[in-house]
Amino acid sequence: TFLGGPGKGATDLEKHLELLVVENERLKQELKSCQTSLLHTQESPASSSCTDCPHSQIESVRKQLEETTQQLGKSQRQLEESKHQRGEVEHKLGLQLRECEEELARQAATSSVVKYVTQTVEVQSPETQKTLAEMQTKNAALQEQLAVQRQLLRELETQLHESQRTCAQLRTQILVYEGEMERAQGQLEAEMQNLEEEKNRVIEEAFIRAESEMKAVHENLAGVRMNLLTLQPALRTLTCDYNCLKRQVQDFPFMLDKAIAEAKQEICQVISEVSSANQELLRKYKREMNLRKKCHNELVRLKGNIRVFCRVRPVSQEEQDSAEAKNMLSFDSEDDAVLYLSNKGKIMTFELDKVFPPQATQEEVFQEVQALVTSCIDGFNVCIFAYGQTGSGKTYTMEGVAEDPGINQRALRLLFSEVTEKAPDWDYKITVSMVEIYNETLRNLLGDNPSEKLDIKMNPDGSGQLYVPGLTEFTVQSPEDINRVFDLGHMNRATACTNLNEHSSRSHALLIITVAGFNSATGHRTQGKLNLVDLAGSERIAKSGAEGSRLREAQCINKSLSALGDVINALRSKHSHVPFRNSRLTYLLQDSLSGDSKTLMMVQVSPLASNMSESVCSLKFAQRVRTIELGSSSSYRRHENSSTSSSPTHDSVEVTQFTHTHTHTHTLIIPVEKAQMHRF
């Protein structure tokens with residue numbers, strides 16, 4: 001029984017294995033038949049979409065069959081291992097059985113002689129007891145191995161049952177797939193029938209269209225034949241015309257020579273007439289140019305060679321949030337030259353040449369001064385000052401920002417535009433230099449060493465003009481050149497901090513533009529100069545909070561501005577002596593503040609109540625400058641106020657000396673705007 005049990009289990013396992021192999025072969029045959037039917041179905045393109053699903057399902061069946069085959073192989077390997085182990089156990093048991101039989105035979109042979117001793121040995125012999133224990137141990141081990149083999153057999157039977165269930169499921173899925181394939185094949189046949197009907201319909205329609213087109217072609221062919229019959233007379237006519245033209249072409253060289261001779265005579269006559277007309281036009285052009293220049297100068301003279309504008313800066317967001325954000329200035333809606341100021345409960349009226357409200361743009365301001373800028377092209381010296389209380393927007397008006405430039409850049413761009421228009425007859429050269437007057441010291445802002453001190457000397461050529469030895473001049477030809485010059489000058493300019501402005505400009509900055517022109521037709525030469533001056537900040541020393549070196553700067557600034565007021569006052573009063581040498585600023589601008597030069601002063605004021613004392617001083621000073629006018633300028637202003645036309649474009653201004661009411665020294669109060677442009 002011990003030997004027969006495993007043998008019987010192994011025989012049942014082999015039978016189940018054979019059944020699994022047969023089932024596997026049958027499933028493979030079914031898979032091949034499914035693939036064959038699928039290949040026949042996929043031959044039609046229209047049914048490709050219908051067979052995608054069965055194909056994927058058959059693939060899954062194939063994968064399951066492969067897994068089943070792997071499980072069968074694994075079971076077969078385990079069965080072979082079990083057979084091998086069973087053979088080893090049987091061999092060991094056989095050896096032990098033969099040893100026991102031999103031992104029993106030896107004992108039986110010796111039992112007749114020493115029977116009593118043998119029985120004693122059997123009972124008390126240690127070797128026999130040891131052998132018996134070993135046999136019992138081996139028997140127990142074999143029983144355990146037999147139990148393991150039986151457990152392994154049960155597991156293999158379980159796997160076999162699972163494989164059978166899997167095969168049954170696969171058969172069911174194959175039946176389902178076959179049904180789906182039959183339905184797909186039916187749909188494919190219906191689709192093929194529909195396509196066949198559609199093909200027949202399209203062929204019939206194409207045949208009908210071809211017949212109609214063929215009929216139209218026959219009709220067109222008949223029409224072409226009729227046209228050919230009618231074109232034969234026209235062809236004969238064209239042949240006759242061709243022969244006539246051929247004869248004319250043969251005679252053409254003689255006719256051409258005759259026409260050329262006549263044309264030469266006419267051209268010579270026209271050239272002589274054009275030459276005389278050109279001379280007359282040139283004479284009229286010169287006369288009109290002189291007349292235009294006289295009219296332009298007369299217009300500027302009627303307005304007054306020195307004019308005063310006022311620009312009110314807007315209130316910033318920070319100032320609106322403060323307690324002193326009240327606006328103390330108002331404007332006249334009917335007269336853009338009048339400004340009203342509320343000071344200590346009283347309304348003060350100031351009348352100037354032009355007042356710009358806070359919403360005025362840079363373009364609007366420049367339109368009022370652009371005619372004055374173009375005067376330098378005609379050979380005049382022009383000077384534009386911008387001054388005002390520190391933080392009132394002066395530098396913004398003159399320099400502006402990158403996206404909205406001020407007078408400086410707009411003036412140079414206007415000069416470029418003007419010289420371009422006159423380019424056929426005039427050749428202009430525009431040079432730019434920038435200087436700074438800091439503590440009465442002249443510094444070159446465009447040079448390699450900005451700290452180097454410069455001096456003002458008389459030109460040795462005998463022209464009586466002043467010049468600055470060592471001053472750097474750049475020839476500008478494009479806006480990019482302008483930007484490079486401005487960047488270099490701004491980098492070298494001196495700035496410092498006061499109570500009124502965190503980065504207040506502590507020096508006078510002068511942009512000197514020289515325009516030299518030559519007329520190739522007349523040989524006439526012109527040279528004009530445009531001085532754009534950004535004055536330093538000047539206010540009462542107590543309010544500015546300046547100490548030490550800043551105090552000395554403020555004293556030098558007030559001194560130079562007072563000297564500027566003295567010079568303009570002397571010029572407007574026609575004094576015999578004009579104190580140009582009292583300041584570096586006035587001495588450098590001597591040629592632009594005398595003779596037939598044109599000057600404009602832009603007064604910058606703040607609308608805040610905290611700045612009213614400085615604003616009143618600046619406006620009184622500006623009004624004083626405006627009241628000292630020529631008679632023709634006053635009459636022009638009255639005519640301008642009585643008309644509805646817009647304000648003139650040729651503007652200029654002038655400054656007179658002003659004595660500050662709150663100090664014991666004569667100081668020119670010119671509120672100056674910061675070098676930082678965002679304060680505007």
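**Tour of strands 7, 15 and 16**

Select residues 439 and 440 first: strand 7 and strand 8 form a hairpin with two residues between them, and asparagine 439 in the turn has a positive phi of about 55°. Strands here are DSSP runs of E, at least two residues, numbered from the N terminus. This is a predicted model, in which local features need pLDDT of at least 70 and side-chain atom pairs count only at pLDDT 80 or more, while totals for chains, interfaces and linings use all residues. Residues are numbered from 1 along each chain as its sequence is written, and side-chain values use heavy atoms, with hydrogens and water left out.

Strand 8 is residues 441-444, antiparallel to strand 7 over four bridges; two strands pair if DSSP finds at least two bridges between them. Tyrosine 438 faces threonine 441.

Now select strand 7, residues 426-438: eleven of its 13 residues are buried (under 20% relative accessible area, 1.4 Å probe, protein chains only). Twelve antiparallel bridges link strand 7 with strand 15, where glycine 517 is opposite tyrosine 428.

Move to strand 15, residues 508-519, which joins strand 16 through ten antiparallel bridges. The hairpin between them has five residues in between, and glycine 523 in the turn has a positive phi of about 80°.

Finish on strand 16, residues 525-534. Eight of its ten residues are buried, so strand 16 is largely enclosed by the rest of the structure. Pick leucine 530: isoleucine 513 stands opposite, and valine 382 is a bridge partner too. Valine 382 belongs to strand 6 (residues 381-388), parallel to strand 16 over six bridges.

Technical notes:
Buried means under 20% relative accessible area, exposed over 50%, partly exposed in between (1.4 Å probe, protein chains only).
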